[in-house]
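Thanks for coming, everyone. Please pull up the sequence and the structure, and we will walk through them together.

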Amino acid sequence: MKIVILTGAGISAESGVPTFRASDGLWEGHRIEDVATPEGYERNPGLVHEFYNMRRAHLHQVEPNPAHRALAKLEQHLGNDLTLITQNVDDLHERGGSKRVLHMHGSLLRATCTSCREPFHWQGIMTVSSKCPFCKAMGLVRPAIVWFGEMPYHLEEIEAALVACDVFVSIGTSGAVYPAAGFVQIAHLQGAKTIEINPNLTQNAHHFAEQIQGNAGTEVPRWVEELLDQA
């Protein structure tokens, strides 16, 4: 059985990671246009670096929750038959034990050089003077985060997994951000069973055959145990 799982902000929120944006349209006090677009980076790279430095530092204050650990347990049993996709840019899946995670929106712990385009690991503070370890260019290092108007990562690999899967599960997503919101339709067209795990019905809930309403930290471990009991 091949399973594809998509996780969103809801699974990390239970660990204390702030969700994407507040009801007032601000993202942790900033306009989205200022900190999450290529244009915002061009206007004020220092502000963008400061914003992501704070988010990167915040990772040390949060821990994986039972949902992250349950998905890692499922990976141990399914191996390559499990594809785990996340819209989140934190490392909670990895710290929870998952070995193969597709970060479609990038990662706070990755950087890229706008000159040579090489991606690389990044842990500390990033500034307008940061140097690329490959081409040695200075001031052209940016967070490896997919901003508005940019193409998500791993789309070919994700599509291949969706058309081959038997089960598609969406956990803690809003169902409003594309292309991820359309993954359920791709899987459904291929005959996969589709399940949504979320505290509330999402904007694309009608595309799912089954809804499990509740917090990820409770419902995901329960679903994983039921699945493994059937194996």
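Start at helix 9, residues 216-230. Arg222 and Glu219 both sit in this helix. They are 3 residues apart, about one turn of the helix. Their side chains form a salt bridge, with the closest N and O atoms 3.2 Å apart. One word of caution before I go on: this is a predicted model.

Are these two partners buried or exposed? Arg222 counts as partly exposed, because its relative accessibility is 44%. Glu219 is buried, because its relative accessible area is 12%, under the 20% limit.

Salt bridges can also link up. Arg31, Glu33, Asp34 and Arg43 are joined into one network by bridges that share partners. Take one pair from that group. Glu33 bridges to Arg31, and the closest N and O atoms are 3.7 Å apart. Glu33 is partly exposed at 41% relative accessibility. Arg31 is partly exposed too, at 44%.

Next pair: Lys193 and Glu210. Their side chains meet in a salt bridge, 3.6 Å from N to O. What does this pair tie together? Lys193 lies in strand 10, residues 193-198, and Glu210 lies in strand 11, residues 210-213, so the bridge connects parts that are 17 residues apart in sequence. Lys193 is partly exposed, with a relative accessible area of 45%. Glu210 is partly exposed as well, at 29%. How many salt bridges does the structure hold? The count is 10. As a reminder, side chains of opposite charge can pair when their charged atoms come close.

Now the whole chain. It has 9 helices and 11 strands. The radius of gyration is 18 Å, close to the 17 Å that the globule rule gives for 231 residues, so the chain is as compact as a globular protein of that length. Along its principal axes, the C-alpha trace spans about 55 × 40 × 35 Å.

How much of the chain is buried? Of the 231 residues, 51% count as buried. The chain exposes about 11200 Å², and carbon and sulfur atoms supply 52% of that area. Look at contacts with a separation of 6 or more: 62% of them are between residues 24 or more positions apart.

On to the inside. The largest nonpolar core has 23 residues. Which residues have the most contacts inside it? They are Ile5, Leu74, Ile171, Val220 and Trp223. Several elements each supply at least two residues of this core: strand 1 (3-7), helix 5 (66-78), strand 4 (82-86), strand 9 (167-171), strand 10 and helix 9. Helix 9, where we began, gives the largest share, 6 residues.

Zoom in on Leu74. Leave aside its neighbours within four places in sequence. Leu74 is then in contact with Ile5, Leu82, Trp223, Val224, Leu227 and Leu228.

There is also a second, separate core, with 16 residues. Among them are Ile85, Leu162, Phe168 and Ala187.

Strand 4 deserves its own slide. How many of its residues are buried? The count is 5 of 5. Leu82, Leu84 and Thr86 point one way from the strand, while Thr83 and Ile85 point the other way. Ile85 belongs to the second core.

Strand 4 has partners to show you. Strand 1 runs parallel to strand 4, and 5 bridges join them. In that pairing, Val4 has Thr83 as its bridge partner. Strand 5, residues 101-103, also pairs with strand 4 in the parallel sense, over 3 bridges. Here Leu84 has Val101 as its bridge partner.

Last stop: strand 6, residues 106-113. This strand is mostly covered, with 7 of its 8 residues buried. Strand 6 pairs with strand 8, residues 141-145, in the antiparallel sense over 4 bridges. Strand 6 also pairs with strand 7, residues 119-121, again antiparallel, over 3 bridges.

Which residues stand opposite Ala111? Pro143 does so in strand 8, and Phe120 does so in strand 7. Strands 6 and 7 form a hairpin with 5 residues between the strands. In that hairpin, Arg117 takes a positive phi near 70 degrees.

That is the tour. Questions are welcome.

Terms used. Residues numbered from 1 in each chain as written. Predicted model: local features only at pLDDT ≥ 70, side-chain atom pairs only at ≥ 80, totals over all residues. Heavy atoms only, no water. Buried < 20%, exposed > 50% of the residue type's maximum accessible area, 1.4 Å probe, protein only. Pairing = 2+ DSSP bridges. Salt bridge = Lys/Arg side-chain N within 4 Å of Asp/Glu carboxyl O. Rg over C-alpha atoms; globule rule 2.2 N^0.38 Å. Contact = heavy atoms within 4.5 Å. Areas by Shrake-Rupley, 256 points an atom, 1.4 Å probe, with all protein chains shown as cover. Core = buried A, V, L, I, M, F, W, Y, C linked by side-chain atoms within 4.5 Å.
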